[in-house]
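Visitor: I would like to go through this model with you, starting with its charged side chains and then turning to its overall form.

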Amino acid sequence: EEAEAYRQQRKEGLQKNASMDQQLKALEAATTIASSESVELRAFLNEASATLSELKEEKAAADARQSALEAEVRSARSQRERGSEELEETRAKLRSEDQELRQLRLQESECEQSLLDQKHLIRSRE
């Protein structure tokens, strides 16, 4: 009976040992899979990080282009306003010169008339 009990215990011990070996192998396989997945996740995270960095650089470049375009628009508006002011100043000068020219023509006409009147007066006295 003792020998039978010993054999039974040994058999159970071997079965437990075999079961533990299977569990150990399963854990080793799971660890290998987890490690592999971890490497893949790290690679994915590195790639995602690189992509994010590229996108940030592209956004910074786009922001810079937008700022430059906004500056160009402000400059163009300023030039347009200066051009409008200059145009208005030129128009005012032309109106003033036109008025002066009319005044001079009127004076010239008056002088010619006065000269003609004096000529008639002189002729009539002769």
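Visitor: How many salt bridges does the count come to?

Guide: This is a predicted model, in which local features need pLDDT of at least 70 and side-chain atom pairs count only at pLDDT 80 or more, while totals for chains, interfaces and linings use all residues. Residues are numbered from 1 along each chain as its sequence is written, and side-chain values use heavy atoms, with hydrogens and water left out. A salt bridge is a side-chain nitrogen of Lys or Arg within 4 Å of a carboxyl oxygen of Asp or Glu, and by this rule the count comes to four.

Visitor: Which residue forms a salt bridge with K59?

Guide: K59 is exposed, at a relative accessible area of 52%, where exposed means over 50%, buried under 20% and partly exposed in between, with a 1.4 Å probe and protein chains only. Its partner lies four residues away in helix α1, about one helical turn, and the closest N and O atoms are 2.9 Å apart. That partner is D63.

Visitor: What is the radius of gyration of the chain?

Guide: The chain has one helix and zero strands, these being DSSP runs of H or I with at least four residues for helices and of E with at least two for strands. The globule rule, 2.2 Å times the number of residues to the power 0.38, with the radius taken over C-alpha atoms, gives 14 Å for 126 residues, so the chain is more spread out than a compact globule, its radius of gyration being 53 Å.
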